[in-house]
Amino acid sequence: MTDEPLLKIVSLSKAFGATQALKDVSFEVKPSSFHSLVGENGAGKSTLINCLMGNVVPDEGNFELLGTPYMVEGPLEANEHGIAAVYQEPSVAGELTVAENLLMGSLPTQSGMVNRKLTNNKAQSLIDNFGIDLDAKIIAEEISASHRVLLGLVRALSDKPKLLICDEPTAHFSPDQAETLFALLRDFIDQGNSVLYISHRLEEVLEQSDQITILRDGQHVETVPAKGLNERELIKRMVGRYQENLYPQLSPPKDIPRLEIKTVNGDNNLNITVNRGEIVGIYGLVGAGRTDFLRSIFGDLDRQSLEVKIDGKKLAADRPDLAISDGLAIIPEDRRNDGLSSDRPIVDNTSLAALGSFVNRGLVNRKAERKSVRNSLEKYGVKYNRMGDFIDSLSGGNQQKVVFAKWALTDPKVYLLDEPTVGVDIGAKEAIYNHIKELAEQGVAILLVSSYLPEVIGMSHRVLVMRDGVLVEDDKTQINSEHKYVEMASGVTG
Amino acid sequence: MNDFVRYIRKNSAESALIAVIAALLLVMFIIPTSRETFYSAYNLQSIMRGAAVTGILALGSLMVIIVRGIDLSVGSMLGLASMSAAIIMSSDHLALPIWHALIAAIGLGVAVGLYHALLIVRIGINPFIATLGSMIIMRGLINVLADSQSVRNLPESYTEFGRGEFLGLPNIFVALLICWFVVDLVLRRTRLGRNMFAVGSNESVARLSGVRTGRVQTYAFVASAVLACIAGLLLTARMSSAVPSVGAGYELQAIAGAVIGGASLMGARGTALGAMLGAILMSLIINVGVQLDVNSFVMQIVTGALLTLAVIVDQIQRKRHHEQS
């Protein structure tokens with residue numbers, strides 16, 4: 001076993017607009033190594049993978065695979081050069097069979113026509129070789145999530161890569177299935193190849209890895225052997241310090257309840273009360289179900305067993321328009337697709353939720369509308385040219401301010417904020433945090449969903465953690481318990 | 001001057017149409033042989049009457065297109081309303097006053113519109129398929145109702161209206177102007193209109209902003225059907241008869257008119273004025289073609305080419321707009 005690294009990453013940097021996703025990241029992956037990559041959401045792991053797979057072109061830096069320079073323009077090329085990837089939610093062609101998915105692009109033919117029998121046999125033998133229990137003839141749509149990952153794995157391994165990237169593959173796995181996966185990976189590694197493994201399941205990472213690389217805020221913290229590390233130590237390195245002065249000092253909440261959320265049929269016994277002026281943070285990893293939770297409260301998703309009250313009044317079932325007139329506001333996570341209409345003017349976007357208040361005898365009073373919109377845009381510091389310009393003439397940070405200006409016009413009592421500063425530069429972030437603080441001071445109750453821990457801690461009076469659709473409530477906020485939140489979100493017990 | 005330039009750029013479709021129409025009118029004036037025939041009172045009125053029917057259809061299509069839908073059934077709807085009203089009006093057996101027939105026709109439009117809304121909004125069927133289906137069904141219904149016969153003995157007062165004038169303009173054209181006024185008012189000045197643009201632009205954003213998107217789409221489809229019925233009633237008045245094939249193929253002219261007038265099949269664009277001008281332009285072109293003795297199939301090619309051009313221009317504008325962001 002030589003000492004030469006399998007993969008060398010040198011000074012990798014990538015920015016997306018104002019966000020620096022990766023900054024001067026350098027480390028090495030040894031051959032025959034189970035090498036894990038850990039970090040919080042937004043630490044840069046996905047960007048790193050995308051650079052390796054050629055989905056994204058780095059601004060600076062380069063790669064060396066087995067001593068030779070490596071630079072590709074897409075996953076196909078990456079496969080040809082020896083790097084393959086398996087993802088948490090692999091895309092499969094649902095209407096095709098497992099066999100057809102597996103051998104896509106190279107279906108066995110006989111005199112120019114696809115031979116179904118050959119296809120099935122070849123696919124099945126591939127699957128059996130890996131010891132996986134999967135029938136190649138099944139329609140891909142019908143196989144379980146975990147089998148999809150295994151299918152993706154077989155597909156990736158059949159190209160005989162030198163480096164296999166696994167991005168959160170065990171998210172939907174039972175412990176047994178995870179064992180199967182790790183056995184496969186171990187075989188792969190014993191042949192001299194390496195695995196670059198990304199996971200939030202820290203106990204898994206510590207158990208399986210030879211080496212661990214920790215990223216934080218786009219930068220490389222360290223790369224260390226897994227031996228000798230325990231969970232708490234690992235988390236401490238992942239989380240680090242947060243910028244104290246980015247978050248304003250919050251005023252204490254009042255003692256009057258504003259928002260009450262209960263589950264009615266006793267499933268997970270939810271009972272949350274948010275007082276006037278209180279900001280309750282909801283932390284969790286991506287996919288934990290937080291967006292769905294907010295949407296259910298808002299009435300956009302079937303509320304099922306949730307009962308929501310604002311100032312004691314129960315919200316009508318599944319009517320977002322009534323929820324708004326009862327004082328609810330939602331700032332969605334996906335600004336581009338759910339927050340603003342990109343090909344509508346700024347003024348129309350801003351007034352949409354509050355349009356009713358500008359209607360006079362059936363007609364929209366455009367003068368009043370423009371006046372209110374102008375005031376709101378000014379209050380939220382939106383920099384724009386003309387009100388009639390389209391929304392996408394504005395920067396991300398400004399667009400997010402428009403979203404806040406929009407909802408201010410409905411005079412809400414409760415704000416549901418879903419990742420309010422994602423894709424927003426530091427300057428706009430600070431402004432938004434101050435707006436949130438001011439809203440709270442006016443007596444508004446706020447639910448703040450975020451997967452960026454420092455933000456959740458800095459901007460909340462107390463923090464709830466969500467995992468797999470279930471809220472794990474924690475009534476006390478202790479500033480040095482941020483490690484505890486990551487643990488709760490990852491499912492680490494103890 | 002700057003304001004003028006800005007106005008032109010903002011209302012580029014309408015401005016272009018006005019320019020083309022003006023150019024056409026100028027050409028017909030300059031060519032001496034066509035000047036007398038084209039600018040005769042009879043011909044001008046003929047143009048206006050033809051434009052009125054297509055124009056009203058185009059206004060209905062506009063609303064549906066704005067919410068990102070499409071209504072292929074308007075030609076058949078026109079025919080069904082036309083035939084139903086004609087049968088009721090001409091029936092000695094029923095002996096009902098005219099306005100009963102009119103109400104029935106409008107009611108039919110509301111029913112068909114609601115039917116479309118049920119399929120498209122509630123069940124989620126693709127509007128293209130749903131309205132294509134009803135287009136075929138209604139055409140069959142027309143033939144069943146009329147027993148494949150034409151209806152000719154319509155009341156005198158009704159056909160008088162079709163030939164009559166109001167302040168120098170054909171009644172039918174005045175009806176178009178009224179429809180234009182109403183549709184324009186709804187689209188530009190009412191909350192419903194604003195919500196239609198919101199839904200067509202981004203249904204998710206509209207929903208999360210409290211817009212009752214299903215209801216808005218329903219209004220659009222009902223409006224399209226009702227306007228088609230109105231057009232049918234006017235056409236019957238003008239023709240003094242209803243034939244089973246009436247309205248066939250009109251849906252394409254209606255959509256073409258709206259799109260040429262600035263509507264985008266991707267929703268959230270278009271104006272009532274543009275749709276009307278688009279329909280007028282097409283009527284004009286056909287008339288000019290007849291005047292200049294151009295083969296009618298060549299005219300068909302021209303109309304199709306115009307529609308294609310309008311869609312291409314829309315696509316280019318959208319692309320450029322997206323790239324700038």
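## Exercises on a helix pair, a core and two loops

In this predicted model, Arg49(B), Ala52(B), Val53(B), Ile56(B), Leu57(B), Leu59(B), Gly60(B), Ser61(B), Met63(B) and Val64(B) of H4(B) meet a set of residues in H12(B), namely Ala220(B), Phe221(B), Ala223(B), Ser224(B), Leu227(B), Ala228(B), Ile230(B), Ala231(B), Leu234(B), Leu235(B) and Arg238(B).

### Exercise 1

Sort the residues of the contact between H4(B) and H12(B) by class, then state whether the two helices are roughly parallel or roughly antiparallel.

Solution.
- Step 1. The contact has 16 nonpolar, 3 polar and 2 charged residues.
- Step 2. Helix H4 (residues 41-66) of chain B packs on H12(B) at an angle of about 170°, and the axes are 7 Å apart.
- Step 3. Angles over 145 degrees count as roughly antiparallel, and H4(B) and H12(B) are therefore roughly antiparallel to each other.

### Exercise 2

Find the residues that touch the most other members of the largest nonpolar core, and the helix that gives the most to this core.

Solution.
- Step 1. The largest nonpolar core has 231 residues, and Leu416(A), Ile446(A), Leu57(B) and Leu59(B) touch the most other members.
- Step 2. The helix that gives the most is H12 (residues 213-239) of chain B, with 16 residues.
- Step 3. In chain A, domain 1 (7-239) and domain 2 (244-490) each supply at least three residues to this core. The centres of these two domains, taken over C-alpha atoms, are separated by 35 Å.

### Exercise 3

List the contacts of Leu59(B), leaving aside its neighbours within four places in sequence.

Solution.
- Step 1. The contacts are Cys179(B), Trp180(B), Val183(B), Leu227(B), Ala272(B), Ala275(B) and Met276(B).
- Step 2. Compare with the helix pair: Leu59(B) in H4(B) and Leu227(B) in H12(B) both appear among the residues where the two helices meet.

### Exercise 4

Glu419(A) has a positive phi although it is not a glycine. Give the angle, place the residue, and decide whether Glu419(A) is buried or exposed. Do likewise for Arg68(B).

Solution.
- Step 1. Most residues other than glycine have a negative phi.
- Step 2. The phi of Glu419(A) is about 50°, and that of Arg68(B) is about 70°.
- Step 3. Glu419(A) is in the loop between strand E21 (414-418) and helix H15 (426-441) of chain A. Arg68(B) is in the loop between H4 and helix H5 (74-90) of chain B.
- Step 4. The cut-off for buried is 20 or more other C-beta atoms within 10 Å. Glu419(A) counts as buried because it has 22 C-beta neighbours inside 10 Å. Arg68(B) counts as buried because it has 20.

Methods
Residues are numbered from 1 along each chain as its sequence is written. Chains are lettered from A and ligands numbered from 1 in the order in which they are written. This is a predicted model: local features need pLDDT of at least 70, side-chain atom pairs count only at pLDDT 80 or more; totals for chains, interfaces and linings use all residues. A nonpolar core is a set of buried Ala, Val, Leu, Ile, Met, Phe, Trp, Tyr and Cys residues joined through C-beta atoms within 7 Å. A residue is buried if 20 or more other C-beta atoms lie within 10 Å of its own, exposed if 12 or fewer, and partly exposed in between; C-beta atoms are placed from the backbone. Helices (H or I, at least four residues) and strands (E, at least two) are DSSP runs, numbered from the N terminus. Domain bounds come from an automatic or database domain assignment. Two residues are in contact if their C-beta atoms, placed from the backbone, lie within 7 Å. Axes are lines fitted to C-alpha atoms, for helices over the stretch in contact, and angles run from 0 to 180 degrees between N-to-C directions. Angles under 35 degrees count as roughly parallel, over 145 as roughly antiparallel, 65 to 115 as roughly perpendicular and the rest as oblique. Ala, Val, Leu, Ile, Met, Phe, Trp, Tyr, Cys and Pro count as nonpolar, Asp, Glu, Lys and Arg as charged, and the others, Gly among them, as polar.
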